[in-house]
Amino acid sequence: MDLLIFEHPILIVQALMDGVLLGILFALIAYGMALQWGVMNIINIAQGELVIMGGYVAYFLYMYGIHPAYGVIVSPIVMYFVGIGIYKLVINKVVDKDLFTSILATFGISILMMQLMNFVFGADVVVAQSNFGTTMLFDNSVTLPNSKIFASAVSVLAAIVLVLYMKKSKLGRAIRATAQNARAAKILGVDTEKVYASTFGINAALCGVAGALIAITFTLHPYVGLPYTVRSFMIVIVAGLGNLPGVALSGMGLGVFEEFADYLLGTEFRIAAVFLLLVLILVYRRFKLARSREYLK
Amino acid sequence: MKKLLNRLVAIFSIFSLLLGFSSAQARVDGDVITLGAAVSLTGKYSTNGEHTKNGYNLAVKRINDMGGVKVGGKSYKFAVKYYDDESNSKRAAQLAERLIKQDGVKYMLGPYSSGLTKAMAPVTEENKIPMVEANGASRSLFTKGYKYLFAVLSPANQYLEVAIDLAVEKNGGKPVKIAMAFEQDAFSQDVRLGILEAAKRTKSKIVIDDKLPKELNDMAATLAKVKAVKPDVLVVSGHSKGALTAIRQISEMKVDVKMLAMTHCDASKLAKQHGKKAEYALCASQWHKSLSYKDNYFGSGLKYDKDFTAAYKYAPPYQAAESSAALLVYKDAFERANSFDTKKVRDALAKTDMQTFYGNVKFGSGGQNTAKPMVLFQVRCTGDKCENKVVAPTKWASAKLVHPIPSWSKR
């Protein structure tokens, strides 16, 4: 029963397409995480909640009769300021502390955000209808929801804009300098406090874009953030920090791997397979580093 | 400043001690019978927790207004002591402990969800405190040999069995091909067991058996398989998120299947959120307002619907109706026991055999309600307005089942 994919080879095409489209969206969230992890050395457990909150911004528009796709523009703006707010309230106090402190702090933020969203929007599962229609391929045997195609296109666009911004703008250069060596950047006149705040804000804005896309492709409720945190964490672990092509590739790779694990091993092993892969990659990297007498940070 | 703070803390502690002391008097005090309940007012079950609480409150008010509970020739009133279990099973177990040991509650009402009921049942059982619950349907609750647990609702394995029988009937009595997609949680896996039994009974074949993760928000892979295999019936259970995800992706991926049966359509407001996309979905429900059960307190389902809507400004989902029914069962048991002795009340509960607006109630040896069948309704739309119409069992059907579901190219 599990090997349906061989009886119906068209499923391979479907799995590949679904995996790539899903992976691109996850890569966007992971890129935000990699950015602020690299710059501030903070593992943000509340990443998924930022995404879901971004989704609720799009849903809020939808409730007032505005097409939720506009959330892609509104949500990052709102979430940027939410990010700055969170930074000013909590993150700036843990930014130079050890990793454990930041994990605890962001874990606290994630619980707070879940309850806050529950309080404002209720615990119900909600969907925002985009009515984008469906693209049919291969005589209708492969179907791609246009909302997913839209989500991937917007994700790619957001990534390109961000890369250009990081390369060309003054703030982008300051962020990159701070990521390389915060102390040296400070000595050379970079306002690292401002850089940190902006980085966290940019991460939240990226989550906002992703959230709006999730609102039109999947479902939303206040407690569904964790899978997004875990997946982006994994993508970053696999790709390494500050490596955008790596993040994009590992995102898509993971998406495709997940889809195939579903078909080959069964749906119940889908997530287990992803975690197994993570362990294998970490072990592999450990051995590779041991050979060159380095260690895994 | 510090001194002031210390004083405030001291005053606050004394107050809380006093409060604790006064509530330790609760149970049957004067003419009030206090029932204890931990329901989810915050956390992921807060919406359904609210329905549960509103259901309890409406019935308490109705029973009290209509003369209360008569025990030993005297009339008593119901009151409920609530705590918020935060949708957390550990907290629910602690609160059960607290209600019984600290607040002295002798009779309990159930929380929302199978998981939380499972957490509380060992505590009530150990203390020999009867618990009438209305929102825990998992079969495993009724196989543990609990003596003090009574559930007014039908157990989870019965939720979608009817759908398989219906599919076989529509297939001219011949076995059907079944595709299943169930979340990996206690409730949905029980629903799955029911389907397995029905498949065995009807000699039907399971062609897809996917177990979805708890954080389910994507079932594209399962639906792609369904598209390839073309089963006669697709069964989905994964709470509200399962129902909403299924309809979203079935409509987007244009999955044509002759019959689609689900749980939690009501709780997820499926017809409202998805509109015409949800049309023809079959949904399992514990209760529907159009059923013809009657009682002296709420009259009929339609009347209950009207009264509930007037009180809480929204139409009652079945979670509220079954919660109200729990109070009617308690009242009946107290009057038959004619005593406040927990053992006697428990024995009276075990002998319950009554009809409420919500359905017949008669408990099996495990405490499950054996007298009430599940109903199936189908989402039907006229224009843009979609409604749930009962289609099975045929005795209560208010509309004819549309079968097979028209293909997406014709909708």
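## Two chains, one shared core

Where chain A and chain B meet, 33 residues from chain A and 31 residues from chain B take part in the contact. On the chain A side, several elements each bring at least two residues: helix H2 (10-40), helix H5 (99-121), strand E2 (142-145), helix H10 (226-239), helix H11 (244-265) and helix H12 (270-291). H2(A) gives the largest share of that side, with four residues. Sorted by class, the side of chain A that touches chain B has 16 nonpolar, eleven polar and six charged residues. Keep in mind that this is a predicted model.

Now for chain B. The domain assignment splits chain B into domain 1 (22-154 + 291-362) and domain 2 (158-285 + 374-410). Their C-alpha centres sit 31 Å apart. The two domains do touch: 13 residues of domain 1 of chain B are in contact with eleven residues of domain 2 of chain B. On the domain 1 side, helix H4 (114-126) and helix H11 (318-337) of chain B each supply at least two of the touching residues. By class, that side of domain 1 holds four nonpolar, eight polar and one charged residues.

Here are the two sides described by class, set next to each other:

| Side | Nonpolar | Polar | Charged |
|---|---|---|---|
| Chain A, touching chain B | 16 residues | eleven residues | six residues |
| Domain 1 of chain B, touching domain 2 of chain B | four residues | eight residues | one residue |

Next, the inside. The largest nonpolar core has 221 residues, and A:Leu28, B:Ala163 and B:Ala281 touch the most other members. H2(A) turns up again here, with the largest share of this core at 19 residues. Both domains of chain B feed into the core too, with at least three residues drawn from each of domain 1 and domain 2.

B:Ala163 is worth a stop. Which residues does B:Ala163 contact, leaving aside its neighbours within four places in sequence? They are B:Val233, B:Val235, B:Met259, B:Ala261, B:Leu282 and B:Leu376.

B:Ala163 is also one of the buried residues of H5(B), alongside B:Glu161, B:Val162, B:Ile164, B:Leu166, B:Ala167 and B:Val168. Why is helix H5 (residues 161-170) of chain B largely enclosed by the rest of the structure? Because seven of its ten residues are buried. After H5(B) comes B:Gly172, which has a positive phi, near 70°.

Terms used: Residues are numbered from 1 along each chain as its sequence is written. Chains are lettered from A and ligands numbered from 1 in the order in which they are written. This is a predicted model: local features need pLDDT of at least 70, side-chain atom pairs count only at pLDDT 80 or more; totals for chains, interfaces and linings use all residues. Two residues are in contact if their C-beta atoms, placed from the backbone, lie within 7 Å. Ala, Val, Leu, Ile, Met, Phe, Trp, Tyr, Cys and Pro count as nonpolar, Asp, Glu, Lys and Arg as charged, and the others, Gly among them, as polar. A residue is buried if 20 or more other C-beta atoms lie within 10 Å of its own, exposed if 12 or fewer, and partly exposed in between; C-beta atoms are placed from the backbone. A nonpolar core is a set of buried Ala, Val, Leu, Ile, Met, Phe, Trp, Tyr and Cys residues joined through C-beta atoms within 7 Å. Domain bounds come from an automatic or database domain assignment.
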